[in-house]
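Me: Could you take a close look at the charged side chains in this model and tell me what they pair with and where they sit? I'd enjoy one connected walk through them, with a look at the other residues along the way.

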Amino acid sequence: MSWDSNGGKIWMDGEFVDWNDAKISVLSHVVHYGSSIFEGIRCYENPKGSAIFRLDEHVERLFNSAKIYKMDIPFTHDEISNGIKDTIAINNLKSCYIRPVTYRGYKELGVNPLNCPVNTSIAVWEWGKYLGAEAMENGVDIAVSSWRRLAPDTMPAMAKAGANYMNAQLAKVEAIERGFDEAIMLDYHGYIGEGSGENIFLIKDDVVYTPTLSSSILKGITRDSVITIANDLGYEVKEEQIPREFAYLSDEVFFTGTAAEVTPVRSIDGITIGLGKIGPMTKEIQSEFFNIVEGKIDDKFNWLSYLD
């Protein structure tokens, strides 16, 4: 089933609804004021069955995002987790992308959201490599965006909120229109932040660098996984404020995210990075990541939740 399939089911507030019947009012608060929080999760098929990657952490972040925006999700963590598993099962998918979204529904209009209901839906679909299958080996061409990440006293970057992605859309569209695959966004101080939908890592002299949470980035779950993997492989990882020019001089650069997984960067602003394709350390980290999620090696970090 693809994302535009008519044959699937979507979980809406605890009930399954046909794909084409999963609708909300045009007067819903979320439509007018962007009041939604969501997650992106992947389920991988491996020799032991279908397994969801870091399900507990993703559901926890959904609830944390809701807490920041004072949205009381009317379901428990377990009910959302089971709803995700049930949605995958009813759609007969072995591997898929998972999108739980909590949003303010329809009751009244006005900026004040507190009187509007809080609704939750879960959709699943087959989704391949976000930046293209060839990008996993050859890398992507990216550019520094003219649009910056949100300052911490404007909107909370640690909340995975739909409204935040209006900022990301500006950077993504600008990059595409300029002929690039993706963008890097600088933070409010001019240091490297993240991509439009990915965290970023840079490697120099065998040390792995990534921006700090104070650089207005999302606290990525794949980011955390890659830090764990890199440390386990014996690499030093530093979370620092990173100047733009450091990226040009890096030996390797790669993106991480649920959609992007571990995608190398080939060039930044037309400047070739390292070998101009996936570098050796990125390759090792990428291979270890896929070996875990695809069940080729032991899940020693207990990241996989099997459906069966």
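Reply: Happy to: the walk below starts with the salt bridges, goes on to single charged residues, and ends with some uncharged ones.

Please keep in mind that this is a predicted model. General chemistry is a good place to start: side chains of opposite charge can pair when their charged atoms come close. In this model, 15 salt bridges are found.

Let's begin with glutamate 261, which forms a salt bridge with arginine 42; the closest N and O atoms of the two are 3.7 Å apart. This pair links distant parts of the chain, with glutamate 261 in strand E15 (residues 261-268) and arginine 42 in strand E4 (residues 41-46), 219 residues apart. How accessible are the two partners? Glutamate 261 has a relative accessibility of 1%, so it counts as buried. Arginine 42 has a relative accessible area of 6%, and therefore this residue is buried too. Both values fall under the 20% cut-off for buried residues.

Next comes the pair of lysine 300 and aspartate 232. Their salt bridge has its closest N and O atoms 2.5 Å apart. Lysine 300 lies in the loop between helix H8 (280-293) and strand E17 (304-306), while aspartate 232 is in helix H6 (residues 221-232), so the salt bridge ties together parts that are 68 residues apart in sequence. Here the setting is partly exposed: lysine 300 has a relative accessible area of 43%, and aspartate 232 comes out at 40% relative accessibility.

Lysine 238 and glutamate 236 form another salt bridge, in which the closest N and O atoms are 3.9 Å apart. Lysine 238, at 28% relative accessibility, counts as partly exposed. Glutamate 236 is also partly exposed, and its relative accessible area is 43%. There is a network to look at as well: salt bridges link Arg54, Glu57 and Asp224.

Now for charged residues whose side chains make contacts with the backbone. Where does arginine 149 sit? You will find arginine 149 in the loop between strand E8 (140-144) and helix H5 (164-177). Although that is a loop position, arginine 149 counts as buried because its relative accessibility is 7%. A polar atom of its side chain lies 2.8 Å from the backbone oxygen of serine 216. Leaving aside residues up to four places away in sequence, arginine 149 touches Ala157, Asn167, Met185, Leu186, Asp187, Tyr188, Glu194, Ser216 and Ile217. Serine 216 therefore appears both as a contact of arginine 149 and as the owner of the backbone oxygen just mentioned.

Glutamate 79 gives a second example, this time in helix H3 (residues 77-90). A polar atom of the glutamate 79 side chain is 2.8 Å from the backbone nitrogen of threonine 76. With 40% relative accessibility, glutamate 79 counts as partly exposed. Between the C-alpha atoms of glutamate 79 and tryptophan 11, which are 68 residues apart along the chain, the separation is 12 Å.

To round out the picture, let's turn to some uncharged residues. Strand E8 holds isoleucine 142, which is buried with a relative accessible area of 0%. Beyond residues up to four places away in sequence, its contacts are Phe180, Glu182, Ile184, Phe255, Val265, Ser267, Ile268 and Asp269. From isoleucine 142 to glycine 162 is 20 residues in sequence and 23 Å in space, C-alpha to C-alpha.

What about the cysteines? Searching the whole structure gives 0 disulfides. Cysteine 96 is in none, and the nearest cysteine sulfur, belonging to cysteine 43, is 4.8 Å away; that distance is not within the 2.5 Å cut-off for a disulfide. Cysteine 96 counts as buried at 3% relative accessibility, and cysteine 116 counts as buried at 4%.

Finally, the surface: Val26, Leu27, Tyr33, Tyr106, Leu109 and Val111 make a nonpolar patch of about 600 Å². One of these patch residues, leucine 27, lies in the loop between strand E2 (15-18) and helix H1 (29-33). At 34% relative accessibility, leucine 27 counts as partly exposed.

How values were computed. Residues are numbered from 1 along each chain as its sequence is written. This is a predicted model: local features need pLDDT of at least 70, side-chain atom pairs count only at pLDDT 80 or more; totals for chains, interfaces and linings use all residues. Side-chain values use heavy atoms; hydrogens and water are left out. Helices (H or I, at least four residues) and strands (E, at least two) are DSSP runs, numbered from the N terminus. Buried means under 20% relative accessible area, exposed over 50%, partly exposed in between (1.4 Å probe, protein chains only). A polar contact is a pair of N or O atoms within 3.5 Å; within protein, one must be able to donate a hydrogen and the other to accept it, and residues adjacent in sequence count only if both atoms are side-chain atoms. Contact means heavy atoms within 4.5 Å. Patches are made of residues with over 30% relative accessible area and no salt bridge: like charges are joined within 9 Å, nonpolar side chains (Val, Leu, Ile, Met, Phe, Trp, Tyr) within 5 Å. Accessible areas come from the Shrake-Rupley method with a 1.4 Å probe; for residues, only the protein chains shown count as cover. A salt bridge is a side-chain nitrogen of Lys or Arg within 4 Å of a carboxyl oxygen of Asp or Glu.
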